[in-house]
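Here is a short note to read alongside the structure. Please keep the 3D view open and go through the points in order.

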Amino acid sequence: MRSHPENSPALRVRTWTRSVPLLLIVFTIACALPFVSKPTPTRWSPSPTPSLPPTATPTPQPQPPALVEIDPPVNAELPLNGPITLYFNQDMDRASVEAALTSQMGPGLAFTWVDNSTVIVYLSAPLQPDSELSLMVSDNVRSAQGKPLLQPISLNYRTAGFLGLSLALPENGAVDVDPTAAVVAAFNRPIVALGADPASLPQAFSLEPAAEGRGEWLNTSTYAFYPSPSLEGGRQYTVRINPDLKSADGGPMRGETSWSFTTSRPRLLSLEPVSEVPWRIDAQVVLHFNQPMDTASVESNFSLLGPNGEPTPGKASWDEEDTVFTFTPEALLARGATYTVSLNGQAQGRGGTPIGDSFNASIVTVAPLQVMNTEPGAGVSLDPTNNLVLYFSAPIQDREVLQHISLEPAAPNLDYYWDESVYA
């Protein structure tokens, strides 16, 4: 065999043509062979599955009934009048269920069937608070298909407790109570439902003596009474719990059902300005009370008597709570004069109680205006870097005060300030 270089064109041609003619020849020969014939196609069918003898399907057997749920759950607190709802796992023979249920209360249970597997059991009478109840379900119970309960069932409960007072405000025996304060009773158990119509809810208590005001339930167990305008001052009040009040689960009231407190008497707390210092001639008389007052009563029993013993004309005003009374004289008071502030003991608080003790205070107004002292004193040299201080016998109107003061020789850039706390 002759050899050629591997990269020669002839080698590439021969390599390419060595397999192609072979394939053509193979296919050509296959087609030309006289003894080769095309197979006749046949349709495929699966082999028949050998048949088995039929098997009988077993008939489901009825299952015994079972109690699957109880409301309220066992050992839970039971409302005094029940009821108890029993849920079975299948339709039941109603007569057998009703006949199989008993309790220590004896016969008389009532039944309402929601459907064939759910029954509501009602007690024959309300239970006693904080007591035990056992509901027995015997194995005579049958399902609708006649199957018995596998074993008897005992359902044990403890009934709801008594309703009791857990908080009373003001506290029992409290004295000097603000007549405007709310009276509050909080209970140990819910009484009303959330979102209920307020008009349909009971009052938790009453007051003796009776008082005008508004009561409301703050939540399911707390009731508050807001006196309007206020209770009487210096009066003992007794709060009595509504005897018909019961908890939401039927518990009656037990324990303390009343308490008492005493409101503070109306009294004058302070006078402004204080009587120990001279009053400005434009002073207002301000009285502070410990509680809201009957404004008309105070105004008719108040007077500011002048040096001649006659009432000083003026205008009365009050703060929003009616505890601060202000009297503004129509004209300036006289200088160096003695006035008397008087409040008769018949002035009443808003609840109608008088203050009892009359109040009188003598005050003196500021002296006629004059310079009482200077700093430095007259005839003393003044350091140009220091201030000149003038002490007056009474407050002055400091507007344009320099129009009334002159210096010789004149001083440039003269200015001043006024300090009322150190006059005289």
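The points below cover confidence, two sheets, one loop residue and the aromatic rings.

1. Confidence. This is a predicted model. The mean pLDDT of the protein chain is 84. Of its residues, 84% reach 70 or more. The start of the chain is another matter: pLDDT stays under 50 over residues 1-38. For that stretch the model has 4 contacts beyond four places in sequence. Please read residues 1-38 with that pLDDT in mind.

2. The antiparallel sheet. What is the strand order in the open sheet with antiparallel pairing? The order is β1-β3-β6-β5, making 4 strands. β1 (67-71) and β5 (110-115) stand at the edges. Each has a single partner strand, so one side of each is left without a neighbour in the sheet. On average, neighbouring strands of this sheet are turned by 20° against each other, direction ignored.

3. Inside that sheet. Look at β3 (residues 84-88) beside β6 (residues 118-122). The two pair in the antiparallel sense, over 4 bridges. One position to find is threonine 85, which stands opposite isoleucine 120 in β6.

4. A loop residue. Serine 117 lies in the loop between β5 and β6. Is serine 117 buried or exposed? Its relative accessible area is 15%, and buried means under 20%, so serine 117 counts as buried. Leaving out residues up to four places away in sequence, serine 117 touches Leu86, Tyr87, Phe88, Gln90 and Asp91.

5. The mixed sheet. Another open sheet also has 4 strands, in the order β10-β16-β15-β12. Its pairing is mixed. The edges are β10 (174-177) and β12 (205-208). Both have a single partner strand, so one side of each is left without a neighbour in the sheet. The average turn between neighbouring strands of this sheet is 30°, direction ignored.

6. Inside the mixed sheet. Edge strand β12 runs antiparallel to β15 (residues 236-241). How many bridges join β12 to β15? There are 4 bridges. For a residue pair, take phenylalanine 205: its bridge partner in β15 is isoleucine 241.

7. An edge-to-face pair. The structure holds 9 aromatic pairs. One of them joins tryptophan 217 and tyrosine 223. Their ring centres are 5.2 Å apart, with the planes at 65°. Planes over 60 degrees apart count as edge-to-face, so this pair is edge-to-face. Both residues are buried: tryptophan 217 has a relative accessible area of 14%, and tyrosine 223 has 4%.

8. A stacked pair. Now turn to tyrosine 237 and phenylalanine 261, whose ring centres are 6.0 Å apart. The planes are at 20°, and planes under 30 degrees apart count as stacked, so this pair is stacked. The pair links distant parts of the chain, 24 residues apart. Tyrosine 237 sits in strand β15, and phenylalanine 261 in strand β16 (residues 258-263). Tyrosine 237 is buried at 1% relative accessibility. Phenylalanine 261 is buried as well, with a relative accessible area of 1%.

9. The aromatic cluster. Which residues form one aromatic cluster? They are Phe187, Phe205, Trp217, Tyr223 and Trp259. Two of these names have come up as a pair: Trp217 and Tyr223 form the edge-to-face pair. Phe205 has come up too, as the bridge partner of isoleucine 241.

Technical notes: Residues numbered from 1 in each chain as written. Predicted model: local features only at pLDDT ≥ 70, side-chain atom pairs only at ≥ 80, totals over all residues. Heavy atoms only, no water. Pairing = 2+ DSSP bridges. Axes fitted to C-alpha atoms, helices over the stretch in contact; angles between N-to-C directions. pLDDT = per-residue confidence, 0-100. Contact = heavy atoms within 4.5 Å. Buried < 20%, exposed > 50% of the residue type's maximum accessible area, 1.4 Å probe, protein only. Phe/Tyr/Trp six-rings, centres within 6.5 Å; stacked < 30°, edge-to-face > 60°.
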